Amino acid sequence: LTPALVRKLASRTGFTPTEVFRKWLWYALRERRFDERAVSDIVALKGAAGLSDADVAGALAERAARIYARYGDVMLSPVGMTQAGIERKATARALFSKLLYLAECEALLDPASEAGRALDIPSAFGATDEDAAKLRLVSLLEVDLDKLDAQFGAEGGGSGWGGLAA
């Protein structure tokens, strides 16, 4: 992935490099297996598109706001929810975990930068610090999405991550 390739893609699609990044981010969150390769592709696209930390933080914050508008708060207990509600909240949890991982990924966003310090994914989702700690992906090598799926599914008999697990 090179800057020339990003410019070519941008000129062919009519999107700016920032818009290309935002669209790829949504694709990676929703459609791709969320693993080291997906994250390294996002980091490579940031570099090739010449994006700043502020651009990346803006893209992550915008995506978080859109996901929140569609799926609502991150809830850990599905008690009293319908099957459709459980699936919706499971999707919100999966997307929250992925966005939080990206927001805390030093290769993508410098935590010491003003944009890195200002980005607050948990508050965008209405999540407490405790919720964030429970849903935080510490490592893509060590993440056990089956365990998270069972934790959510066991409480409400739902389908867990709504098809958006790793």
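User: In this model, which residue's side chain meets that of E130 in a salt bridge?

Analyst: The model is a predicted one, and a salt bridge in it needs a side-chain nitrogen of Lys or Arg within 4 Å of a carboxyl oxygen of Asp or Glu. The side chain of E130 has such a contact at 3.7 Å, N to O, and the partner is K134.

User: Where do E130 and K134 lie, and how far apart along the helix are they?

Analyst: Both residues belong to helix α8, which covers residues 129-135. Because E130 and K134 are four residues apart in that helix, their separation is about one helical turn.

User: Is E130 buried or exposed?

Analyst: A residue counts as exposed when its relative accessible area is over 50%, and as partly exposed between 20% and that value. Its partner K134, at 43%, falls in the partly exposed class. E130 has a relative accessible area of 53%, so E130 is exposed.

User: Which residues are joined into one network by salt bridges that share partners?

Analyst: One bridge in this part of the model is between the side chains of E62 and R66, at 2.1 Å from N to O. These two residues are four apart in helix α4, residues 53-71, and therefore about one helical turn from each other. Bridges with shared partners make a single network of R22, E62 and R66.

User: How many salt bridges does the count come to?

Analyst: Besides the bridges already described, the side chains of R30 and E31 meet at 3.5 Å, N to O, and R30 is partly exposed because its relative accessibility is 35%. By the rule of a nitrogen within 4 Å of a carboxyl oxygen, the count comes to seven.

User: Which kind of aromatic pair do F34 and Y101 form?

Analyst: A search of the whole structure finds three aromatic pairs. The rings of F34 and Y101 are 6.0 Å apart, centre to centre, with 90 degrees between their planes, and planes over 60 degrees apart count as edge-to-face. The pair of F34 and Y101 is therefore edge-to-face.

User: How many residues apart are F34 and Y101 along the chain?

Analyst: F34 is in the loop between α2 (17-30) and α3 (36-49), whereas Y101 is in helix α5 (residues 83-103). F34 is buried at 5% relative accessible area, and Y101 is buried at 17%. The pair links distant parts of the chain, and its residues are 67 residues apart.

User: What is the angle between the planes of F96 and F125?

Analyst: F96 lies in helix α5 and F125 in the loop between α7 (121-124) and α8, 29 residues apart. F96 is buried at 0% relative accessible area, and F125 is buried at 0% as well. Their ring centres are 5.2 Å apart, and the pair is edge-to-face because the angle between the planes is 80 degrees.

User: Which residue has its charged end over the ring of W26?

Analyst: W26 is one of the buried residues of α2, which include V20, F21 and L25. What covers the buried residues of that helix includes α1 (3-13), α3, α4 and α5. The charged end placed over the ring of W26, 4.1 Å from its centre, is that of R63.

User: How far apart are the end C-alpha atoms of α2?

Analyst: Helix α2 has 14 residues, and at 1.5 Å a residue it should span 20 Å. The distance between its end C-alpha atoms agrees with this, because that distance is 20 Å.

Methods: Residues numbered from 1 in each chain as written. Predicted model: local features only at pLDDT ≥ 70, side-chain atom pairs only at ≥ 80, totals over all residues. Heavy atoms only, no water. Buried < 20%, exposed > 50% of the residue type's maximum accessible area, 1.4 Å probe, protein only. Phe/Tyr/Trp six-rings, centres within 6.5 Å; stacked < 30°, edge-to-face > 60°. Lys NZ or Arg CZ within 6 Å of the ring centre and 35° of its normal. Expected span 1.5 Å × (residues − 1). Contact = heavy atoms within 4.5 Å.
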